[in-house]
Amino acid sequence: MDKKLFVQAIIKFLSGLVLVGLVLFLPAGTLAYKQAWLLIGILFIPMFIAGLIMMKKSPDLLKKRLDAKEEQSEQKAVIALSGLMFLAAFVVAGLNFRFGWIVLPAWVSLAAAVIFLLAYALYAEVLRENVWLSRTIEVQENQKVIDTGLYGIVRHPMYMSTLLLFLSMPLVLGSVLSFVIMLAYVPIIAKRIRNEEKVLESGLEGYTEYKKRVRYKVIPFVW
């Protein structure tokens, strides 16, 4: 096992856990925010398990995802907007719990948690299918077009899974207002996809033909 990679992964994992806890529980003004604990559980437990699996079976992929740094200014803006979206959505969810603005029934949180876990499984399948999957937009050495499995249905199954993940999160937290904020993810990923496909068409052999074969980007028969 690569000890340096393990330490790096653990530090990022714990940093994310602490950050999410702070932006949820501080606005809520209490630790008795059950929906927040539910989200933390379904978010970080599978993440920890997936990290261990990647550490053992695909350390190179784990390293790429941990070391990701966007070089393009356009994509840096996309990352910044995504961060602001998450911050706003989580803070509003905490405030919604504290002041009881719009209270959703418990079954909504549970149903959203099921959708979240299914989307997590979908995301894991995307990682399994595409060994070149990176958090940054780039064409890697010896990279090939993946056109089987989920990639035979939509061109960007990773964004399909993250769309489900991100839109289910505010419902797990019981916040309609946060769900509205998270809808900003749609134009954010639309912008990212436009840039990503330009890079892939110019640098990845066969991608233009692949676009002709697989028409839909994120949602079959819709987008």
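# A tour from Arg128 onward

Select Arg128: with a relative accessible area of 59%, Arg128 is exposed. Keep in mind that this is a predicted model.

**Stop 1: a salt bridge within one helix**

Stay at Arg128 and add Glu125. Their side chains meet in a salt bridge, 2.8 Å from N to O. Both residues belong to helix H5, which covers residues 106–129. They sit three residues apart, about one turn of the helix. Glu125 has a relative accessible area of 25%, so Glu125 is partly exposed. The structure holds five salt bridges.

**Stop 2: a salt bridge across the sequence**

Now select Asp147 and Arg213. Here too the side chains form a salt bridge, at 2.9 Å from N to O. Asp147 lies in the loop between H5 and helix H6 (157–172), while Arg213 lies in helix H9 (residues 207–213), so this pair ties together parts 66 residues apart in sequence. Asp147 is partly exposed, with 36% relative accessible area.

**Stop 3: a network**

Move along H9 to Lys211, then add Glu201. Their side chains meet in a salt bridge of 3.3 Å, N to O. Lys211 is in helix H9 and Glu201 in helix H8 (residues 185–203), so the parts tied together are ten residues apart in sequence. Lys211 is partly exposed at 24%. Glu201 also counts as partly exposed, at 34% relative accessibility. Which residues are joined with Lys211 into one network? Add Arg155 and Glu197: salt bridges with shared partners join them to Glu201 and Lys211.

**Stop 4: aromatic rings**

Turn to the rings. The count of aromatic pairs comes to eleven. Select Tyr33 and Phe97. Their ring centres are 4.3 Å apart and their planes meet at 20°; planes under 30 degrees apart count as stacked, so this pair is stacked. Tyr33 is in the loop between H1 and H2, and Phe97 is in helix H4 (residues 73–99), so the pair links parts 64 residues apart in sequence. Is Tyr33 buried or exposed? Tyr33 counts as buried, at 0% relative accessibility. Phe97 is partly exposed, at 32%.

Stay on H4 and pick Phe86 and Phe90. This aromatic pair is edge-to-face, with 5.8 Å between centres and 75° between planes. The two residues are four apart in helix H4, so about one helical turn separates them. Phe90 is buried, at 6% relative accessibility. Now add Phe166 and Tyr185. Ring pairs link these two with Phe86 and Phe90 into a cluster.

**Stop 5: a nonpolar surface patch**

Show the surface and select Phe6, Val7, Ile11, Ile45, Phe48, Ile49, Leu52 and Ile53. They form a nonpolar patch with about 700 Å² of accessible area together. Helix H1 (3–28) and helix H2 (34–57) are the elements that each give two or more residues to this patch. Which of them gives the most? H2 does, with five residues. From H1, look at Phe6. Phe6 counts as partly exposed, at 31% relative accessibility.

Now select Ala50, also in helix H2. Ala50 is partly exposed at 32%. Add Leu62, twelve residues from Ala50 in sequence. The distance between their C-alpha atoms is 9.7 Å.

**Last stop: the whole chain**

Zoom out and color by secondary structure. The chain has nine helices and zero strands. Of its 223 residues, 43% count as buried. The chain exposes about 12300 Å², and carbon and sulfur atoms supply 68% of that area. Finally, show the contacts between residues at least 6 apart in sequence: 78% of them join residues at least 24 apart.

Conventions: Residues numbered from 1 in each chain as written. Predicted model: local features only at pLDDT ≥ 70, side-chain atom pairs only at ≥ 80, totals over all residues. Heavy atoms only, no water. Patch = residues over 30% accessible without salt bridge, like charges linked within 9 Å, V, L, I, M, F, W, Y side chains within 5 Å. Areas by Shrake-Rupley, 256 points an atom, 1.4 Å probe, with all protein chains shown as cover. Salt bridge = Lys/Arg side-chain N within 4 Å of Asp/Glu carboxyl O. Buried < 20%, exposed > 50% of the residue type's maximum accessible area, 1.4 Å probe, protein only. Phe/Tyr/Trp six-rings, centres within 6.5 Å; stacked < 30°, edge-to-face > 60°. Contact = heavy atoms within 4.5 Å.
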